[in-house]
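Trainee: I should like to learn how to read a helix and the ring pairs around it. May we go through one case together?

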Amino acid sequence: MTRWRAVLLVGVASHGAMYSMTGCGESAPESKYPVVAPVSSASARPPVAEGAQIGLPPAPPSEGESLSPEAAAAYGRAFQSWIAGDLGGAKQGFLDAASKASRAGSPRYSLGCVLERLGDVTGALDAYRSAVDLDKKFDVARGAYALLLARTGHIADAERVVEASGVDSPRLMATRAEIRSLAGDSSGCQQLAQEALAKQPDSKDAMMVIARDFYRTHRWDLARYALLAILDGTADGAIPARDPGNPEALLLRALIERDTMGDRKKALQDFEAAAAKRPDMVEAFINLGEMKLEAGNAGEAQEPLERAVKFAPDVALGHLDLGDCYRVLGRVADSKRELDKAISLDSTLAGVHYDLGLMYLFSQNVPGVANPDDQLTKAIGELETYRTMRNARTPKGQGGGDDVDELLSTARRKQSELRMKNAPPADSSSVPASPSPSSSASSPPAASSGTVQPQVVK
């Protein structure tokens, strides 16, 4: 079975409408920050990159922020919808809360988190920017705004957003360090993160940036050491754990344990712990589901993969893995739907064609198939496509698909046998008539001279 190991994913992008963050009849403050023009889904989509920072979840209202009872109720409903994986309900609830609290930043920040998960990068940027305009000290919103700009390729704009705060808080210093890492400047990242730690030695944000940067640059031992300082501290207690149970640290450690150490048991435990800490952590659920699939436990893989698709409906990899899970479970129509969704989101994802090839080759009652011959033709087409593109984009950890030639041979053999079986009988008019059984039986054998003895006509 082909498996595609997920790395730290980020919410992906498709062009969406701009959302108004102001109360009825009011205008938002003029923004001092860059307004990024709407972009196409292809260029807006943040890359699936090793060590990318996890998208933040919605947060409770900021300290000191006053919401009316109506706004607070709408906010509460939105947050519960988020926890349940109902992103549509969460979006509407945060929009409602924002309309009832025209001067509050939290509803807009939380709305941005939801829109980012829904793939609406333009709307998310607008929401984050509005939150910062309303509350200049809202560092979480400023950081989310800057990092989304950076992940969509606007590095200079992202740095300007952070610098515009005029404050070197440890959190924003860590954000600047993350932006440097995303730009490929590891030394700059590490220097800024160390400066943040000098100001706040227990800054988990700075330590996570350090660990992610080491992970991105394949310095696995250093990444593990940074994660040790976050999760466990030193055995002698000289360095206390900065944030035991940090879900992002657990996720990153699990990836290192599985992909560089080969310790699948510990990796599975850490993926499960991360998922338990963050019910919205798509990255943990995708990896958890993939490991269950690799172990042949499609039934156990179904729930985490369905949760991943709920919280990140625009992430192609989640739909690919869920489609493969449904295929193994015999839910062919559901498998086809998820695989079609995956390829519509990312046409470069070669694994979709491999899984579609398996589905057409071995499943029954595939939607949209005219007959068995058509199904085998589709299987051959998908496997051929996979074979031609598998080297063009090979996600990290691809461990299968090497049997594609064998599968193609099987598909062609089955199609050949099917066509021979269904071939019509030969046309009798084109074959010379054979003697009737009676005349053949009464005819004497030919003479050795080659002449035929005359028959007696009665």
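Mentor: Please bear in mind that this is a predicted model. Let us begin with helix H6, whose 13 residues reach 18 Å from the first C-alpha to the last, close to the 18 Å expected at 1.5 Å a residue.

Trainee: How many of the 13 residues of H6 are buried?

Mentor: A residue counts as buried when its relative accessible area is under 20%. In H6, 12 of the 13 residues are buried, so the helix is mostly covered. Among them are Asp139, Arg142, Tyr145 and Arg151.

Trainee: What covers the buried residues of H6?

Mentor: The cover includes H4, H5, helix H7 (155-163) and helix H8 (170-182). Just after H6, Gly153 takes a positive phi of about 95 degrees.

Trainee: How many aromatic pairs does the model have?

Mentor: Two rings pair if their centres lie within 6.5 Å. The count comes to six aromatic pairs. In one pair, the ring centres of Tyr109 and Phe138 are 5.6 Å apart and the planes stand at 55 degrees, so this pair is tilted. Tyr109 belongs to helix H4 (residues 106-117), while Phe138 sits in the loop between helix H5 (121-134) and helix H6 (139-151); the pair therefore ties together parts that are 29 residues apart in sequence.

Trainee: Are Tyr109 and Phe138 buried or exposed?

Mentor: Tyr109 has 2% relative accessibility and counts as buried. Phe138, at 9%, also counts as buried.

Trainee: Which residues do ring pairs link into a cluster?

Mentor: The cluster consists of Tyr109, Tyr128 and Phe138, linked by ring pairs.

Technical notes. Residues numbered from 1 in each chain as written. Predicted model: local features only at pLDDT ≥ 70, side-chain atom pairs only at ≥ 80, totals over all residues. Heavy atoms only, no water. Phe/Tyr/Trp six-rings, centres within 6.5 Å; stacked < 30°, edge-to-face > 60°. Helix = DSSP H or I, 4+ residues; strand = E, 2+ residues; numbered from the N terminus. Buried < 20%, exposed > 50% of the residue type's maximum accessible area, 1.4 Å probe, protein only. Expected span 1.5 Å × (residues − 1). Contact = heavy atoms within 4.5 Å.
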